[in-house]
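Trainee: Please take me through one part of this model up close, and then walk me outwards from there. I'm new to this, so plain words would help.

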Amino acid sequence: MLILGIETSCDETSASVVEDGINIRSNIIASQVDIHKKYGGVVPELASRRHVENINIVINQSLEEGRVSLNDIDAISVTVGPGLVGALLVGLSVAKGIAYAKGVPLIGVNHLEGHILSIFIERPQIEFPFMALIVSGGHTDLYLVHRVGDYHLLGRTRDDAAGESFDKVANMLGLWYPGGPIIEKIAEGRDPKRLDFPRAYLGKDSLDFSFSGVKTSVRNYLKEKGIPRDGDGSPSIGDISASFQEAVIDVLTSKVIKASKIEGVKTIVIAGGVASNKRLRMRITETGEKEGLKVYYPSPLLCTDNAAMIACAGYYRYIDDKRLCYDLLNMDAEPNMRLG
Ligand code: KG4
Ligand code: ZN
């Protein structure tokens with residue numbers, strides 16, 4: 001079964017052709033980082049406009065690279081939420097148009113479900129139930145996944161998402177958007193214990209997260225000391241980044257392991273943009289191994305927003321329950337869509 005996936009929930013315009021939920025024929029991602037960079041974050045109106053400019057080009061490229069035409073596509077899978085409403089509407093309108101014109105089913109996918117099920121592209125054999133931690137720019141959510149379509153939310157951030165805190169701290173340090181990759185890079189080889197930023201565990205039994213405290217603590221530190229200059233002996237930007245990154249990773253590691261132990265699951269999946277962070281991957285894997293837990297991550301390109309994960313999620317949704325799709329004309333964008 002060939003599915004064309006379309007993803008426009010935030011600042012990536014992406015289209016992908018995926019066969020039977022696992023074989024990626026193409027996965028085209030047009031990033032908008034260049035236009036949002038100077039604002040330190042995504043500007044919704046600019047994102048929508050850029051999606052309009054790019055969407056047809058990206059879809060055509062995905063078909064070309066996948067060596068298929070629209071006539072070969074069996075279904076369209078599109079992100080309906082959560083995300084920026086104007087951005088979502090671009091992908092959804094195009095998807096509706098193609099589905100209507102070609103008479104194929106339209107599958108509306110929750111972006112978060114796309115992140116969770118992206119693991120099945122490379123590891124279709126993963127067994128349920130598993131613990132899923134979604135760490136992205138908009139979410140930090142812990143789900144117990146019983147099966148496709150059955151997600152139980154155990155904890156979520158009460159303020160900033162993990163990725164958002166990376167973006168905000170990068171901005172304070174005079175670095176660019178998105179902050180995660182640049183903070184990871186300059187933290188490499190630096191001392192993660194140099195500064196002791198706070199870790200918010202929110203009480204013994206809580207599986208919720210909070211990252212605004214660590215962010216504010218970095219801000220206060222910089223207010224007091226200023227942005228360090230090289231060679232003056234004070235902690236460098238690299239040390240600050242490494243110490244901040246470690247504080248975030250400590251909390252994520254502790255909570256996902258704790259949740260797995262409470263629920264008695266042996267498998268953990270980490271997904272979303274922040275899951276491409278190498279130190280986070282190493283730390284959670286090592287800690288998990290000590291506890292007898294297996295930890296899986298999509299490869300980095302499938303962690304950040306992409307349409308292959310939407311096509312994959314659409315495939316599993318479709319084979320699970322065909323009634324879930326196709327209210328073609330009434331399907332609408334759901335900017336605040338929840339999962340579980
Ligand atoms: O999943 P994603 O592409 O988009 C959303 O659904 O939000 O995640 C983007 C977020 C951004 O906040 C970005 O700074 C963060 O993921 N990110 C990272 C890394 N790569 C992307 N954070 C930490 N380390 C990284 N290597
Ligand atoms: Zn995402």
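**A lysine and its surroundings**

Mentor: Let's start with K215, which is in contact (heavy atoms within 4.5 Å) with D160, K168, V169 and M172, not counting neighbours within four places in sequence. Before going on: this is a predicted model, where local features need pLDDT of at least 70 and side-chain atom pairs count only at pLDDT 80 or more, while totals for chains, interfaces and linings use all residues. Residues are numbered from 1 along each chain as its sequence is written, chains are lettered from A and ligands numbered from 1 in the order written, and side-chain values use heavy atoms, with hydrogens and water left out.

K215 sits in helix α8; helices (DSSP runs of H or I, at least four residues) and strands (runs of E, at least two) are numbered from the N terminus. With a relative accessible area of 10%, K215 counts as buried. That word means under 20%, exposed means over 50%, and partly exposed is in between, using a 1.4 Å probe and protein chains only.

Follow the chain past α8 and you reach G226, in the loop between α8 and α9. G226 is partly exposed, because its relative accessible area is 26%. From G226 to S48 there are 178 residues in sequence and 36 Å in space, C-alpha to C-alpha. On the other side of α8, the loop from α7 (179-187) holds L202. L202 is not a glycine, yet its phi is positive, near 60 degrees. L202 is also partly exposed, at 29%.

R67 makes a nice companion to L202: its phi is positive too, about 55 degrees, and R67 is not a glycine either. You'll find R67 in the loop between α2 (44-65) and β4, where it is exposed at 76%. Such cases catch the eye because most residues other than glycine have a negative phi, and most peptide bonds are trans. The model has cis bonds as well: one runs from G81 to P82, with omega near -10 degrees, and another joins F128 and P129, with omega about -10 degrees. P82 is in the loop between β4 (75-81) and α3 (85-102), and P129 is in the loop between α5 (119-122) and β6.

That brings us to the sheet. β6 belongs to an open sheet of five strands, ordered β8-β7-β6-β9-β10 with mixed pairing; two strands pair if DSSP finds at least two bridges between them. β8 (150-156) and β10 are at the edges with a single partner strand each, so one side of each has no neighbour in the sheet. On average, neighbouring strands here are turned by 25 degrees against each other, direction ignored. β6 (130-135) and β9 (267-271) run parallel and share four bridges, with M131 partnered by I268. Helix α9 (237-263) packs on this sheet, touching β6, β7 (140-147), β8 and β9, and its direction makes about 155 degrees with that of β6. Axes here are lines fitted to C-alpha atoms, for helices over the stretch in contact, and angles run from 0 to 180 degrees between N-to-C directions.

Just past β10 (294-296), P298 sits in the loop leading to α11 (300-303). P298 is buried at 0%. Beyond its neighbours within four places in sequence, its contacts include I270 and A271, along with R281 and C303.

Now the ligand. Ligand 1 is surrounded by 22 residues, and the closest are G137, D167, E184, G273 and D305; a residue counts if one of its heavy atoms lies within 4 Å. For polar contacts, look for pairs of N or O atoms within 3.5 Å; within protein, one must be able to donate a hydrogen and the other to accept it, and residues adjacent in sequence count only if both atoms are side-chain atoms. A backbone N or O atom of G137 is 2.8 Å from a ligand 1 oxygen, and a side-chain N or O atom of H111 is 3.2 Å from an oxygen of ligand 1. A nitrogen of ligand 1 lies 2.7 Å from a side-chain N or O atom of E184. The protein covers 91% of the 550 Å² of accessible area that ligand 1 has on its own, as computed by the Shrake-Rupley method with a 1.4 Å probe, where for residues only the protein chains shown count as cover.
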